[in-house]
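Got the structure open? Let's talk it through, one question at a time.

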Amino acid sequence: MRNNSPVQGIAYDKKRAHIYLAFNDYLFKVNRDGMVLANGRFHTGREFEGICVNNSHLYAELAQRPELLHQKIK
């Protein structure tokens with residue numbers, strides 16, 4: 001991102017060797033070499049409080065009206 005947004009969440013998927021970065025409404029999946037493999041946007045207008053990977057799921061907690069989202073990782 002070019003707007004100097006700080007990273008609000010980072011998680012490492014040891015099984016797949018992927019890194020997940022979250023800030024503002026954006027989520028990026030990156031390999032260990034730094035190449036972006038996928039990205040997405042939630043369009044919620046809310047920021048991430050944190051993210052984690054557990055087994056085959058990615059969990060993301062959103063700020064301001066706390067909400068926990070989860071997605072199965074492929």
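What follows is a short chat between a student and a tutor.

Student: Before we start, what kind of model is this?

Tutor: Residues are numbered from 1 along each chain as its sequence is written, and side-chain values use heavy atoms, with hydrogens and water left out. Local features need pLDDT of at least 70 and side-chain atom pairs count only at pLDDT 80 or more, while totals for chains, interfaces and linings use all residues, as this is a predicted model.

Student: How many aromatic pairs does a search of the whole structure find?

Tutor: Rings of Phe, Tyr and Trp (its six-membered ring) pair if their centres lie within 6.5 Å; planes under 30 degrees apart count as stacked, over 60 as edge-to-face and the rest as tilted. Searching the whole structure with that rule, the number of aromatic pairs is 2.

Student: Why do the rings of Phe-23 and Phe-28 count as they do?

Tutor: Look at the rings of Phe-23 and Phe-28: their centres are 5.8 Å apart. Their planes are at 20 degrees, so the pair is stacked.

Student: And what about the rings of Tyr-26 and Phe-28?

Tutor: Here the centres of the Tyr-26 and Phe-28 rings are 6.4 Å apart. Ring pairs link Phe-23, Tyr-26 and Phe-28 into a cluster. The planes of Tyr-26 and Phe-28 are at 25 degrees, so this pair is stacked.

Student: Is Tyr-26 buried, exposed or partly exposed?

Tutor: Buried means under 20% relative accessible area, exposed over 50%, partly exposed in between (1.4 Å probe, protein chains only). Phe-28, at 17%, counts as buried. Tyr-26 has 24% relative accessibility, so it counts as partly exposed.

Student: Which strands are the edge strands of the open sheet?

Tutor: Strands here are DSSP runs (E, at least two residues), numbered from the N terminus, and two of them pair if DSSP finds at least two bridges between them. The open sheet has 3 strands in the order 5-6-7, with antiparallel pairing. Pairing on one side only marks the edges, strand 5 (48-54) and strand 7.

Student: How many bridges join strand 5 to strand 6?

Tutor: Within this pairing, Cys-52 stands opposite Tyr-59 in strand 6. Strands 5 and 6 run antiparallel, and the number of bridges joining them is 6.

Student: How do the residues of the lining of the largest pocket divide?

Tutor: Ala, Val, Leu, Ile, Met, Phe, Trp, Tyr, Cys and Pro count as nonpolar, Asp, Glu, Lys and Arg as charged, and the others, Gly among them, as polar. The lining of the largest pocket therefore divides into 10 nonpolar, 4 polar and 4 charged residues.

Terms used:
Helices (H or I, at least four residues) and strands (E, at least two) are DSSP runs, numbered from the N terminus.
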